[in-house]
Amino acid sequence: MKRAPAQLLAILLLEVSVVSADTILPPHAIEFADESISFDAGGGTRMREETSHNVPGNPGGGPEVAKRVARVPGTHLLRFESQIWARADAGPYTFYGRLANRMINHFRSNGIRQAERVWQMPDEIVLDNLYLEGRSLFDGFLDYRFGRQDMAEGYKSVFGLDQVLVDPTPSDFGRSYSADMARLMLYPVDDAKLDLFGIYNANENPIAWGRQRVYKRSLNNLTPGDGPDQWGGGAIWHATAFTKDFPYKLYALYKQDQPYRRGNVKVVTKQVSTVGTQLKPNITDSLSLELEGAGQTGRRKGWGAAGGWMGVAGFDYHPELTKKAKTYVNFSAQYLSGDKDKTFGHNDTGWDPLWARYTRDGEVFARGTHAQTVYWSNMLFLRTILGAKFGPRHDVSVSSGPIWTAQEDGVGGGDGDFKGVLSRARYNFPVKLRPKNAQALERLEICGTFLVELFNPGSYYESTKPALYARWQLEFRF
């Protein structure tokens, strides 16, 4: 797309996404070939400002990342993220499309070239979603969704596997949660489902428009040429055992990273197969457990064997302290294997986070480095969460816990295996919620978030300076 049409389309994108919702037609239907076809459309804008100081970097280590003192002085940025979407429904079929635009202004940043610090308007337009969906076909035996689609909804995996299948576009700072994916959901018996999926993520997005300088900005990172093409797939069995209070999942996944260059370093192919299980038994009406374990095996070209281990154990307790708020307590222990000698020619025994490189467990680490952003590996994390929900999109929570390394790898610059204590406070609040069956102006929904994270480093790091991350955001949707 030439520059002028791209500018016009981006301007229309933002104008439509922030315009009053009463200018948007409500869903309507027409009769066609004895079938009712309904149309709907909408959009939204999210604005957020964030700042960070002394955050830890290089969480993954390895030969492609220099082993240096892993601290970043600070960053400060403001970003706007806008979307417009449209859908058509005909019986059990849905066709859905969504365009997205991101603009970022880095007031202060470390390691980002001056030319990349400001995403000028109109900098980039991405085809964020485009899929065809079918539901309850063959008497309820089959659902499917083919095309570019989200792997997360509300920061949760659509597969129900937050440890392995959440974000297909790692280290792009939430620029997109979409993947090019084919997904089949089979229902062979009652209370059971077989999920089959195949996925391909290109480092560069071929369906994007923008200025020549940035139109090839990658899906996997902020700049072109610094991330791998990824492909893979898997099968997930969702069912209940004994009673409906014992849900479980069995899964087998495969992922391959294609070779790519990170600066002057060539990063070789890595193939990983993962087998795991997740159990979530309900002990009482207010107490449930979460148990999950997985093992990986594979190869990294030119090195040797690759693979690792993951384990999670925890509980959720929901005491009824007041009728106005649903309080909850969560405690979990998360283990991800590491590698003490991740150099060329050696086996790679660290846990590969697959498609779960995301910021749910902590956003402070995501601002530490571009090379291994939110590469959750080599750690033992004990965490306690206290929270309360006051209604839809309205909750507050605080969490804290210590982190150790599974293997001393020397990346942090210190002489120990204690990474430190990560603490977080988050408040989600509604400004205006959308009523049921709302139309026109009533469809507008406004919600906000305040979040603060504090990381007190331990002996693993050379620097003892606390790391701080904070952000606020407002989201407008209709």
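Here is a quick tour of this structure, from the whole chain down to single side chains. It's a predicted model, so take everything below as computed from that prediction. The chain has 478 residues, and 51% of them are buried. Strands dominate the list of elements: there are 27 of them, next to two helices.

**The chain as a whole**

- Take the contacts between residues at least 6 apart in sequence: 64% of these join residues at least 24 apart.
- The accessible surface adds up to about 21,900 Å², and carbon and sulfur atoms account for 59% of that.

**A nonpolar patch on the surface**

- Tyr 93, Phe 95, Leu 130 and Leu 132 make a nonpolar surface patch of about 350 Å².
- Two elements each give two or more residues to this patch: strand S4 (93–108) and strand S5 (124–136).
- Tyr 93 sits in strand S4, and it counts as partly exposed because its relative accessibility is 38%.

**Aromatic rings**

- Searching the whole structure turns up 13 aromatic pairs.
- One of them is Trp 231 with Tyr 254, a tilted pair with 5.5 Å between the centres and 55° between the planes.
- Trp 231 belongs to strand S13 (residues 230–240) and Tyr 254 to strand S14 (residues 247–257), so this pair ties together parts that are 23 residues apart in sequence.
- Both partners count as partly exposed: Trp 231 has 34% relative accessibility, and Tyr 254 has 26%.
- Phe 455 and Tyr 461 make an edge-to-face pair, at 6.0 Å centre to centre and 90° between the planes. Both of these residues are buried.
- Trp 85, Tyr 96 and Tyr 131 come together in one aromatic cluster.

**Charges over rings**

- Arg 145 lies over the face of Tyr 131, 4.1 Å from the ring centre.
- Lys 389 places its charged end over the ring of Tyr 328, at 5.9 Å from the centre.

**Salt bridges**

- The structure holds 25 salt bridges.
- Arg 145 shows up again here: its side chain meets that of Glu 133 in a salt bridge, at 2.6 Å from N to O. That pair links distant parts of the chain, with Arg 145 in strand S6 (residues 142–150) and Glu 133 in strand S5, 12 residues apart. Arg 145 and Glu 133 are both buried.
- Arg 424 forms a salt bridge with Glu 453, and their closest N and O atoms are 2.6 Å apart. This one also links distant parts: Arg 424 is in strand S25 (residues 418–432) and Glu 453 in strand S26 (residues 445–457), 29 residues apart.
- Both ends of that bridge are buried, with a relative accessible area of 14% for Arg 424 and 0% relative accessibility for Glu 453.
- Lys 255 and Asp 257 pair up as well, at 2.9 Å from N to O, and both are buried.
- Those two are part of a network of salt bridges that links Lys 255, Asp 257, Lys 270, Arg 300, Asp 348 and Asp 352.

**A look around Ser 399**

- Ser 399 lies in strand S24 (residues 394–404), and it counts as buried because its relative accessibility is 12%.
- Leaving aside neighbours within four places in sequence, Ser 399 is in contact with Arg 383, Thr 384, Ile 385, Leu 422, Ser 423 and Arg 424.
- Arg 424 in that list is the residue that forms a salt bridge with Glu 453.

Note on methods
Residues are numbered from 1 along each chain as its sequence is written. This is a predicted model: local features need pLDDT of at least 70, side-chain atom pairs count only at pLDDT 80 or more; totals for chains, interfaces and linings use all residues. Side-chain values use heavy atoms; hydrogens and water are left out. Patches are made of residues with over 30% relative accessible area and no salt bridge: like charges are joined within 9 Å, nonpolar side chains (Val, Leu, Ile, Met, Phe, Trp, Tyr) within 5 Å. Accessible areas come from the Shrake-Rupley method with a 1.4 Å probe; for residues, only the protein chains shown count as cover. A salt bridge is a side-chain nitrogen of Lys or Arg within 4 Å of a carboxyl oxygen of Asp or Glu. Helices (H or I, at least four residues) and strands (E, at least two) are DSSP runs, numbered from the N terminus. Buried means under 20% relative accessible area, exposed over 50%, partly exposed in between (1.4 Å probe, protein chains only). Contact means heavy atoms within 4.5 Å. Rings of Phe, Tyr and Trp (its six-membered ring) pair if their centres lie within 6.5 Å; planes under 30 degrees apart count as stacked, over 60 as edge-to-face and the rest as tilted. A charge sits over a ring if NZ of Lys or CZ of Arg is within 6 Å of the ring centre and within 35 degrees of the ring normal.
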